Amino acid sequence: MKNLKFALTRLGGMVLVLLIVAFCTFVVFYLVPSDPALLACGKPCTPENLALAREFMGFDEPWWRQFLTFLGGIFAGRTFGTGVTAIHCSAPCFGYSFRQNADVLELIGDRLPVTFSLAVGAAVLWVGLGVAIGVHAALRKDTWFDRAALAGSVIGVSAPVYLVGLLGILVLGFQLNVVPVGNYTAFTEDPVRWAWGLVLPWCVLAFAHGAHYVKLTRSQMLETMSEDFIRTARAKGVPERTVVGKHALRNVLLPVVTLTGIEFGSLLGGAVITERVFSLPGLGGLLIEAVHGRDLATLLGCTLFAGFLVVVANAVVDLSYGLLDPRARLT
Amino acid sequence: MSTPVARSVPAAISAVLARDRWALAGTVTVVVIALAAIFADVLTALEGHDPYTYDSSALDVNTGLPAGPFGGVSGDHWFGVEPLTGRDLFAIVVHGARTSFLIGLAATLVSIGLGVLVGAAAGYLGGWVDRVVTWSADVFLGFPYLVFMIALGAVVPAEFPRVLLLVVVIGFFGWPSTARVVRAQVLTLKERNFVKAARVLGASPWQVFRTELLPNLWGPVLVMATLSVPGKIGLEAALSFLGVGVLPPTPSWGRSISAAIDWVGVDPMYLIFPGVALFAVTWGFNALGDGLRDALDPRWGGNR
C-alpha cells in the first residue's frame with residue numbers, strides 16, 4: 001500500500017514535470033513570431049489560402065486552445081481538416097509534421113534505434129571502463145597508473161566530444177584506415193557491421209564521458225577506503241577482494257548511478273552533436289532537420305521526448321538507489 | 001563547531017598559484033587567451049588581416065584548399081587560412097576567443113547571480129520560498145535544456161541579437177545547481193551566532209544577505225563560477241557547432257570546428273587551431289577551478 005502510494009506520487013510528479021516542459025516549449029514556440037502555416041501554404045500565398053492552411057492546421061485558434069487540443073491529441077488522437085483531405089493522427093498523437101507529412105511519434109520511432117544503439121553501447125563502455133580505471137587508480141594511488149589515469153581524465157573532461165570525434169575520424173578513419181567512417185547498418189540487418197560501424201563513436205563517447213567517472217570513482221574510492229567500516233572488515237579478516245569489491249564498491253556506485261542517470265537523461269542533447277560528427281541518421285539528425293525546416297511540430301515532439309527521457313532516467317536512478325543502499329529504500 | 005575556512009579568497013588564490021603548478025599553468029593559459037581576446041584588434045592589425053575579408057590569392061585555385069603546407073601557415077597568415085574563402089584563421093581564432101569569453105563570462109554572471117540570490121533566499125527565508133525554489137530547481141534539472149536551446153535557435157527571429165539570446169538562455173538554465181549549493185551553505189550559516197545576532201538586532205533579510213551571508217559565500221561562489229565558465233563556453237561552441245548559436249560572420253570556434261568537418265581529411269589544420277583553442281580554455285578554467293576548490297574546501301584536500 002505504502003509502495004503503491006509512493007509510486008503514484010512519483011508518477012504524478014513525472015507527469016507534472018512533463019506538462020510543464022510541454023507548456024513552456026509550446027508557449028515559447030507559438031509566441032515567437034513565426035508562422036508554420038505561411039511555410040506550408042505554398043507560393044503564391046493568397047490571404048485565402050493562408051487562412052485555409054491555418055484553419056487546417058489548427059493555428060486559427062488562440063494559443064491556449066491549441067495547447068489544450070495538443071494535450072487532447074495525446075489521449076484521443078486528432079484529425080486535421082475534414083472530408084477526403086483529412087489527416088488523422090491516432091492516439092497517442094504528439095503532433096503532426098506538415099513539413100514531412102508524418103506523425104511526429106513515427107518520425108521519432110524511426111530514428112530512435114540509431115540513437116539508442118549509439119548511447120547504450122557507449123554507456124556500457126564508459127561506465128564499465130570509467131569505474132574500473134577509477135577503482136584501480138585509487139588502489140594504486142600515486143603510481144604511474146594513477147597519474148596516467150588522472151592525466152587522461154583531465155584531457156577527457158576538457159575536450160569537447162566533437163573535437164575528440166573529429167580527431168578520431170582523422171587519425172583512425174582517414175590516416176590509418178582501421179575503422180569505417182559514416183555508415184550505419186541496422187542491427188537487424190547485420191549485427192557485426194552494426195557494431196563495427198559504431199566502434200569509433202562508442203570509443204569517442206566513452207573517452208569523453210568516462211573521464212568524469214574515473215575522477216568521481218577515484219575520489220569516492222579514496223574517501224571510502226579510509227573509513228572505519230573498511231578497517232573493521234579488514235581487521236576481522238575479510239579478504240581484500242571482498243573488501244574492495246563488495247564493501248567499498250557499493251558506496252562508490254551510489255554517485256556513479258546518479259551521474260549515469262543524469263547523463264542518460266541528457267542523451268538526446270548529446271546525441272545531436274555526436275550524430276552530426278559521425279553522420280549517423282538518428283534523433284539528433286531529425287532535430288537538426290526540424291531546426292532548418294522550421295518544423296515546429298517535430299521540434300515540440302523532440303523536446304517533449306527529451307523531457308520524457310530525463311524524467312524516466314531520474315526515476316530509474318531513484319529506484320536503483322533503493323537497491324544499492326537499503327537506507328534509501330522507500331520509506 | 002569547527003570553522004573550516006579561515007583563509008580569505010585572495011589569500012587562497014595566491015596560495016593555490018604558489019603551490020599547485022597545474023592550477024598555475026591553467027591560469028596562465030586562461031590569461032594568455034583572455035589577453036588575445038581583449039587585444040584581438042591589435043593582434044590582427046599587427047598580422048595585417050581581419051576575420052571577414054575573403055582572399056582567394058591565399059588559396060589553391062583548383063581545389064579551394066589553402067595554398068602552401070599545413071593549411072597555409074606562413075609569416076603572413078600565422079595560423080593559415082580557411083579553405084574556400086581564404087579568410088585568415090588567426091584572426092578568426094582570436095576574434096572567436098572574444099565571442100567565447102564574452103558569452104561564457106556573461107552567462108556565468110547571469111547564472112551565478114541568479115543562483116546566489118535564489119539559493120540564499122531559499123536557505124535564509126525557508127518556508128514556502130524554500131519549497132518553491134527547491135521544486136523549481138527540480139523541474140529545471142528535468143528540463144531538456146540543450147534540445148530546448150537548439151529548438152529555440154530555430155524559432156527566434158534573426159533580428160534578435162544572438163549573443164544576447166545565448167547569454168540569457170545559457171545563463172538562465174544554469175541557476176539550479178548554484179542555488180542548491182548556496183542554499184545548503186546558507187542553511188548552516190543561518191545557525192551561526194553572527195547571523196543570529198544580526199537578525200536579533202533587527203537587520204532586514206537583504207541586510208543580512210549583504211553584510212553577513214555574502215562575505216562567507218565568496219569562496220564557494222568563486223569555485224562554482226570558475227568551474228562553470230568552461231561548461232558555458234563549451235555550450236556556446238556546441239550550439240554554434242550545430243548552427244543555432246552565433247550567426248555568421250561573427251567568428252566562433254564552434255562554427256569553425258563544424259565547418260572543418262567537411263575538410264578534416266584534406267586540411268586538418270583548419271580543425272586543429274580552433275579546436276586546440278577551445279580545449280585550452282576549457283582545460284585552463286578546469287585546472288584553476290579544481291585548484292581553488294582544493295584550497296577553499298578542506299573536504300577535498302589530500303585527494304589529489
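This briefing describes a structure with two chains, A and B, taking up each chain in turn and then the contact between them. The model is predicted. Chain A contains 13 helices and four strands, while chain B contains 13 helices and zero strands. Where the two chains meet, 42 residues of chain A are in contact with 34 residues of chain B.

**Chain A: overall make-up**

- Of the 331 residues in chain A, 37% are buried, and its secondary structure comes to 13 helices together with four strands.
- Among the contacts in chain A with a separation of 6 or more, 65% are between residues 24 or more positions apart.
- Chain A is divided into domain 1, covering residues 1-103, and domain 2, covering residues 105-324.

**Chain A: how its two domains meet**

- The contact between the domains of chain A draws 21 residues from domain 1 and 18 residues from domain 2.
- On the domain 1 side, at least two residues each are supplied by H1, helix H2 (36-40), strand E3 (96-97) and strand E4 (102-103) of chain A.
- Helix H1(A) gives the largest share of that domain 1 side, with nine residues.
- Sorted by class, the side of domain 1 of chain A that touches domain 2 of chain A holds 13 nonpolar, five polar and three charged residues.

**Chain A: helix H5 and the annotated spans**

- Helix H5 of chain A runs over residues 104-139, which is 36 residues, and its first and last C-alpha atoms are 50 Å apart, close to the 52 Å expected at 1.5 Å a residue.
- H5(A) nevertheless bends by about 40° at Leu112(A), and a proline, Pro113(A), follows within four residues.
- An unreviewed UniProt entry places the feature "transmembrane region" at residues 12-32, 114-138, 150-174, 194-214 and 296-317 of chain A.
- In the model, residues 114-138 of chain A are 100% helix and 0% strand, with 36 Å between the end C-alpha atoms.
- Residues 194-214 of chain A are likewise 100% helix and 0% strand, and here the end C-alpha atoms lie 28 Å apart.

**Chain B: make-up and annotated spans**

- From the N terminus on, the elements of chain B run α-α-α-α-α-α-α-α-α-α-α-α-α, in keeping with its count of 13 helices and zero strands.
- Buried residues account for 50% of the 304 residues in chain B.
- Of the contacts in chain B between residues at least 6 apart in sequence, 72% join residues at least 24 apart.
- For chain B, an unreviewed UniProt entry gives the feature "transmembrane region" at residues 22-46, 101-125, 137-157, 163-182 and 270-289.
- Residues 137-157 of chain B are 76% helix and 0% strand in the model, and the end C-alpha atoms of this span are 29 Å apart.
- Residues 163-182 of chain B are 90% helix and 0% strand, with end C-alpha atoms that lie 28 Å apart.

**The contact between chains A and B**

- The contact involves 42 residues of chain A and 34 residues of chain B.
- On the chain A side, two or more residues each come from helix H1 (2-31), helix H6 (144-158), helix H7 (161-175), helix H8 (191-225), helix H11 (267-277), helix H12 (283-292) and helix H13 (296-324) of chain A.
- The largest share of this side, nine residues, comes from H13(A).
- By class, the side of chain A that touches chain B has 31 nonpolar, nine polar and two charged residues.
- Helix H1 of chain A thus appears in both settings, giving residues to the side that touches chain B and also to the side of domain 1 that touches domain 2.

Note on methods
Residues are numbered from 1 along each chain as its sequence is written. Chains are lettered from A and ligands numbered from 1 in the order in which they are written. This is a predicted model: local features need pLDDT of at least 70, side-chain atom pairs count only at pLDDT 80 or more; totals for chains, interfaces and linings use all residues. Two residues are in contact if their C-beta atoms, placed from the backbone, lie within 7 Å. Ala, Val, Leu, Ile, Met, Phe, Trp, Tyr, Cys and Pro count as nonpolar, Asp, Glu, Lys and Arg as charged, and the others, Gly among them, as polar. UniProt positions are given in the numbering used here, feature names are shortened, and annotations may be inferred rather than shown by experiment. Domain bounds come from an automatic or database domain assignment. A residue is buried if 20 or more other C-beta atoms lie within 10 Å of its own, exposed if 12 or fewer, and partly exposed in between; C-beta atoms are placed from the backbone. The expected span of a helix is 1.5 Å times one less than its number of residues. The bend at a residue is the angle between axes fitted to the seven residues ending there and the seven starting there.
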